[in-house]
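Me: Got a minute to go through this one with me? I'd like the overall picture before the odd spots.

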Amino acid sequence: MKRNAFAMQLKPGNEAEYKRRHNQIWPELKAELRKAGVSDYSIYLDPETLRLFAIQSLADDETSSTLPESPIVRKWWDSMKDLMETNPDNSPKVWPLTEMFHMD
């Protein structure tokens, strides 16, 4: 099992709506993430900078690099584009983070 962490950027004034949408995350999106080997996925917000910090576990045989090809993932991106900084294809702008310390 590997850990993966990255940052994203929320647009001002969208904190409550971002949380609301994730509280109602689509079951088929969760299933797609699990199928790709993603688990133990959390997103945190720094309220001062509106920077989102995500951490997830990836199975050794994970296929998360194929998620952008998934219609349900693309539909989710389209539904979230108004709340956060995105790329031209509506995927969230992501800044990979380097693990500096971990304790089990």
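**Fold and odd spots**

Reply: Sure. This is a predicted model, and along the sequence the chain runs β-α-α-β-β-α-β.

Me: How many helices and strands is that?

Reply: Three helices and four strands. The radius of gyration is 14 Å, close to the 13 Å from the globule rule for 104 residues, so the chain is as compact as a globular protein of that length.

Me: And what does the C-alpha trace span along its principal axes?

Reply: About 35 × 35 × 25 Å.

Me: What share of the contacts comes from residues 24 or more positions apart?

Reply: Counting contacts with a separation of 6 or more, those residues account for 70%.

Me: OK, surface next. How much area does the chain expose?

Reply: About 7,000 Å², with carbon and sulfur atoms supplying 54% of it. Of the 104 residues, 33% count as buried.

Me: How far apart are the mean positions of the positive and negative charges?

Reply: 5 Å, for 14 positive and 17 negative charges.

Me: Now backbone oddities. What's up with phi of Leu 50?

Reply: Phi is positive there, near 60 degrees, in a residue other than glycine. Leu 50 lies in the loop between strand S2 (38-46) and strand S3 (51-58).

Me: Is Leu 50 buried or exposed?

Reply: Buried: its relative accessibility is 10%, and the cut-off is under 20%.

Me: Where does Asn 90 sit?

Reply: In the loop between helix H3 (71-80) and strand S4 (95-96). Asn 90 isn't a glycine, yet has a positive phi of about 75 degrees.

Me: Why does Asn 90 count as buried?

Reply: Because its relative accessibility is 16%, and buried means under 20%.

Methods:
Residues numbered from 1 in each chain as written. Predicted model: local features only at pLDDT ≥ 70, side-chain atom pairs only at ≥ 80, totals over all residues. Heavy atoms only, no water. Helix = DSSP H or I, 4+ residues; strand = E, 2+ residues; numbered from the N terminus. Rg over C-alpha atoms; globule rule 2.2 N^0.38 Å. Buried < 20%, exposed > 50% of the residue type's maximum accessible area, 1.4 Å probe, protein only. Contact = heavy atoms within 4.5 Å. Areas by Shrake-Rupley, 256 points an atom, 1.4 Å probe, with all protein chains shown as cover. Lys, Arg positive; Asp, Glu negative; His and termini not counted. Charge placed at Lys NZ, Arg CZ, Asp CG, Glu CD.
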